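Good morning, everyone, and thank you for making time for this. Please have the sequence and the structure open while I talk, and stop me whenever a term is unfamiliar.

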Amino acid sequence: MSSVANKAVTVINLGRMGFLAAHDVQMRFARKHLDELANKPYTYGENTLLLVEHPPVYTIGIRTKDYKPEDEVRLKETGAEFFKTNRGGLITFHGPGQLVAYPILNLQHFKPSMKWSVEVLENTMIQMLQMFGLKGRTTDQTGVWVDNRKIGSIGLHGSRYVTTHGISLNCNTDLSWFRHIVPCGLPGVEVTSLSKELQHNIPYEDSIKPFLRCFQDNFNCDLEFKMLEENELKSIANPMTSGSEVDKVSSGMGLVWRAELGQRRMSTMSSQQATGSSGQAVAEKTVTMW
């Protein structure tokens, strides 16, 4: 396989789509990568960047000690969905006016390092902010800040250097949704958006081209664009399926996706190991969504 083919990334804009349905799409592309790595015949993993704007949803990672069942009930009463996921980190919010990007990449085609991937995604968001005249920065907490205000988050999961989950950046998001949670697990942290910083409306759609340009520059890749086929869209999980754990949806697709849990500011690792189709242990890593 040529290096040119390896560095091509297919961009799919899912538009407005529920969290569960978008998770379904992520897992399908990840499965192709993992099947190829397991030497299954006639399989090819396609490096893919999914763009999506979610309806209001709170998602929580594997670190759930600070959240109780009554918190889930309380958050659902706001009108948002709520899902437990296998990503690292604490609770976060996704909703209209927020750019969410899920890079489903085999990092062996780029650089086999989760740390490198996080740094490149942070640099991508910082460069994008520069295009809007804003100065972004990183801290010891994963993600991107404008001064002391959080504007972009990152949460990656990796299995055999195949990444899922991704980044979110607030464009003209209704920031009042964040008042119901403790963003980043940091009491008192202020969340901001492009619109708030620039004092005029920056819709989600206006962020896509700048983000893609910066993604292309930072990952040193060629971007190709496609749409999902109609038959693929019909088989995607119902985006409004209520509550529950996303892991159940993954296993329903035949995808074993059990996160290793554990912890550092940027990543978590655990006692479980996922197994590939050959039955051998598959190394997994989770990078915190903060």
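I will go through aromatic rings first, then cysteines, and finally a sheet.

Before anything else, please keep in mind that what you are looking at is a predicted model.

Let me begin with the rings, where a pair is described by the distance of the centres and the angle of the planes. When the whole structure is searched, nine aromatic pairs are found. One of these joins F93 and W177, whose ring centres are 5.2 Å apart and whose planes meet at 10 degrees, and because planes under 30 degrees apart count as stacked, this pair is stacked. Where do F93 and W177 lie? F93 belongs to strand β5, residues 92–94, while W177 sits in the loop between β10 (162–170) and β11 (190–191), so the pair ties together parts that are 84 residues apart in sequence. As for their surroundings, F93 has a relative accessibility of 0% and therefore counts as buried, and W177, with a relative accessible area of 17%, is buried because the limit for that word is under 20%.

F93 also forms an aromatic pair with F178, and here the arrangement is edge-to-face, with 5.5 Å from centre to centre and 75 degrees between the planes. This pair, too, links distant parts of the chain, since F93 is in strand β5 and F178 is in the loop between β10 and β11, 85 residues apart. Both F93 and F178 are buried. Elsewhere in the list of rings, F110, W116, F211, F215 and F219 are linked by ring pairs into a cluster.

Let me turn to the cysteines. How many disulfides does the structure hold? The number is zero. Two cysteines that you may like to find are C171, which is buried with a relative accessible area of 0%, and C214, which counts as buried at 0% relative accessibility.

Finally, we come back to strand β5, this time as part of a sheet. In general, the strands of a sheet pair through backbone hydrogen bonds, either parallel or antiparallel. The sheet here is an open one of three strands, in the order β4-β3-β5, and its pairing is mixed. Its edge strands are β4 (81–84) and β5, each of which pairs on one side only, and from one strand to the next the twist averages 25 degrees. Strand β3, residues 57–60, pairs with β5 in the antiparallel sense over three bridges, and if you look for T59, you will find that its bridge partner in β5 is T92.

Notes
Residues are numbered from 1 along each chain as its sequence is written. This is a predicted model: local features need pLDDT of at least 70, side-chain atom pairs count only at pLDDT 80 or more; totals for chains, interfaces and linings use all residues. Side-chain values use heavy atoms; hydrogens and water are left out. Rings of Phe, Tyr and Trp (its six-membered ring) pair if their centres lie within 6.5 Å; planes under 30 degrees apart count as stacked, over 60 as edge-to-face and the rest as tilted. Helices (H or I, at least four residues) and strands (E, at least two) are DSSP runs, numbered from the N terminus. Buried means under 20% relative accessible area, exposed over 50%, partly exposed in between (1.4 Å probe, protein chains only). A disulfide is a pair of cysteine sulfur atoms within 2.5 Å. Two strands pair if DSSP finds at least two bridges between them. Axes are lines fitted to C-alpha atoms, for helices over the stretch in contact, and angles run from 0 to 180 degrees between N-to-C directions.
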